[in-house]
Amino acid sequence: MRWILPLVFYILIDIYAFQALKTVTDNKWIHYAYLALSLLVLGNVFYQTLTPSEVRLSSARSYAFGLLLALVVPKLLIVIFMFGEDVLRGIVSVYERFVGGEDRLTLPSRRKFVSTLALTVAAIPFASLLYGMYRGKYNFRVLEYELTFPDLPDAFDGYQITQISDIHSGSFDNFKEIEYAVNLINEQGSDAILFTGDLVNNKAEEMNPWKELFGQLTASDGVYSVLGNHDYGDYVSWESQQAKERNLEDLKSLQREMGWDLLLNEHRYIERQGDRLALVGVENWGAGGFKKKGDLDRAVEPLHPDDFTILLSHDPSHWKEKVQSHPKKVHLTLSGHTHGMQFGIEIPGWIKWSPVQYRYEHWAGIYSDSEQFINVNRGLGFLGYPGRVGIWPEISVIRLKKSGKA
């Protein structure tokens, strides 16, 4: 029964879109190709969904969903255009019936124009979503920020960190592209590399093919990490609770084997020339139904009130809910989690939009309030839709500056 409404919806928009195609061309082969593609994509979704799998969203299911999305979104745009045309035709019909005389209003040429326009506009998201799956997901971008603080210790003026987040290694399917990303991260030459969670989609074993590669990440002050919501294995079926707990321990051990310092509601000090910087990492804490294992009180309890503090916390909702109001000031919070929904439009200085902004107030980039900052990294990997459109995979490079210094 749960399939009936989505199926009816799909059929209705398909009929609408097909009518637009028939208006533009009477080529039967194009008609057959359209129908065959629609049926194949829909059939694949049914097959992937009904095939037993312990993973809710496997790679094959992700691509099935991605192809369906690449068809449905353009068809919805066509429906909007054609529905508007139908409304206009309805108004004209009413006019002809009650007002019109011998001269009748007709709209055949406009109908073809609207259909052509609708198909042309729909081609844009269709091509974009396909490009997002083919190339967009590996279109790595380095985004640089400079943040100024009045109480930054002198020795850390100019200190540079590289943040990465949401690797989701279980989604990767191209070793050379990921190797390029790892090299690009190292090329930034930062003092520290900070990873803010979601190393895997579900299981620690997803990281096995990539462990050696990500173990090559290096920085003078080390590589530090925290856990994200996907790292706990909550989105996959387990044979027992013990197996789930063992998976989490395997994931923790794996990070240590890569040379990463995993912070579990704890802190580390980085020292330079008699000054120090507190690096704090908490487990996942997310508003709503997300796991709340993060314990900020425990993590910062040993810190001195004057310590300059950087916090690694996977979910950006933690910043507003807990971090900003905490008695011990956190100067900079680093988060991820949102992926920028892997879809949106960003033109610097003009527009920054993604559907995810209606769910998360802080969803991509730098935000500040009362001399406290948060950077929400757009993520290195991808999940669900196996691609990215407009919101590209990100490597954040943040340089700390002290106010008043050149």
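**Figure 1. E371 and the turn from β12 to β13.** At 46% relative accessibility, E371 counts as partly exposed. This residue of the predicted model sits in the loop between β12 and β13 (372-376). Its phi is positive, about 65 degrees, even though E371 is not a glycine. S370 also takes a positive phi here, near 55 degrees, in a hairpin with two residues between the strands. The two strands flanking that turn, β12 and β13, run antiparallel and pair over five bridges. To find your way across the hairpin, look for D369, which stands opposite Q372 in β13. E371 turns up in a charged cluster as well: salt bridges that share partners link it with D151 and K329 in one network.

**Figure 2. The open six-strand sheet.** Read across, the strands come in the order β6-β7-β8-β9-β13-β12, and the pairing is mixed. The edges belong to β6 (266-272) and β12 (365-369); each has a single partner strand, so one side of each is left without a neighbour in the sheet. Ignoring direction, neighbouring strands are turned by 20 degrees against each other on average. For a parallel pair, zoom in on β8 (residues 308-312) and β9 (residues 332-335), which are joined over three bridges. L312 has L334 of β9 as its bridge partner.

**Figure 3. The loop between β9 and β10.** Two residues are worth picking out in this view. M341 lies in the loop that runs from β9 to β10 (345-347), and its phi is near 60 degrees, a positive value in a residue other than glycine. With a relative accessibility of 44%, M341 counts as partly exposed. G344 belongs to the loop between β9 and β10 too, but at 8% relative accessibility it counts as buried. If you want a distance to check, the C-alpha atoms of G344 and G365 are 14 Å apart, with their positions 21 residues apart along the chain.

**Figure 4. Inside the largest nonpolar core.** There are 34 residues in this core, and the ones touching the most other members are I167, L199, F214, L217 and W260. The elements giving two or more residues are α5 (175-187), β3 (192-195), α6 (211-214), α7 (241-257) and β5 (260-262). Helix α5 hands over the largest share, five residues. For the whole protein chain, buried residues make up 50% of the 406 residues.

**Figure 5. Salt bridges, pair by pair.** The structure holds 20 salt bridges, and three of the pairs are picked out here. E177 and R135 meet through their side chains, with 2.5 Å from N to O. E177 lies in helix α5 and R135 in the loop between α4 (108-134) and β1 (141-149), so this pair ties together parts that are 42 residues apart in sequence. E177 counts as buried at 16% relative accessibility, while R135, at 31%, counts as partly exposed. Next up is K211 with E257, where the closest N and O atoms are 3.1 Å apart. Here K211 comes from helix α6 and E257 from helix α7, so the salt bridge ties together parts that are 46 residues apart in sequence. K211 is partly exposed at 28%, and E257 is exposed at 55%. The third pair is R268 and D261, with an N to O distance of 2.9 Å. Both R268, at 25% relative accessibility, and D261, at 24%, count as partly exposed.

**Figure 6. A nonpolar patch on the surface.** I4, V8, I11, L12 and I15 make a nonpolar surface patch of about 430 Å². One of these residues, I4, is found in helix α1 (residues 4-24). I4 is partly exposed, with a relative accessible area of 41%.

**Figure 7. S220 in its loop, and the chain as a whole.** S220 is found in the loop between α6 and β4 (223-225) and counts as exposed at 58% relative accessibility. S220 and G189 are 31 residues apart in sequence, and their C-alpha atoms are 8.6 Å apart in space. Zooming out, the chain's secondary structure comes to nine helices and 14 strands. Its C-alpha trace spans about 95 × 55 × 35 Å along the principal axes.

Note on methods. Residues numbered from 1 in each chain as written. Predicted model: local features only at pLDDT ≥ 70, side-chain atom pairs only at ≥ 80, totals over all residues. Heavy atoms only, no water. Patch = residues over 30% accessible without salt bridge, like charges linked within 9 Å, V, L, I, M, F, W, Y side chains within 5 Å. Areas by Shrake-Rupley, 256 points an atom, 1.4 Å probe, with all protein chains shown as cover. Salt bridge = Lys/Arg side-chain N within 4 Å of Asp/Glu carboxyl O. Helix = DSSP H or I, 4+ residues; strand = E, 2+ residues; numbered from the N terminus. Buried < 20%, exposed > 50% of the residue type's maximum accessible area, 1.4 Å probe, protein only. Pairing = 2+ DSSP bridges. Axes fitted to C-alpha atoms, helices over the stretch in contact; angles between N-to-C directions. Core = buried A, V, L, I, M, F, W, Y, C linked by side-chain atoms within 4.5 Å.
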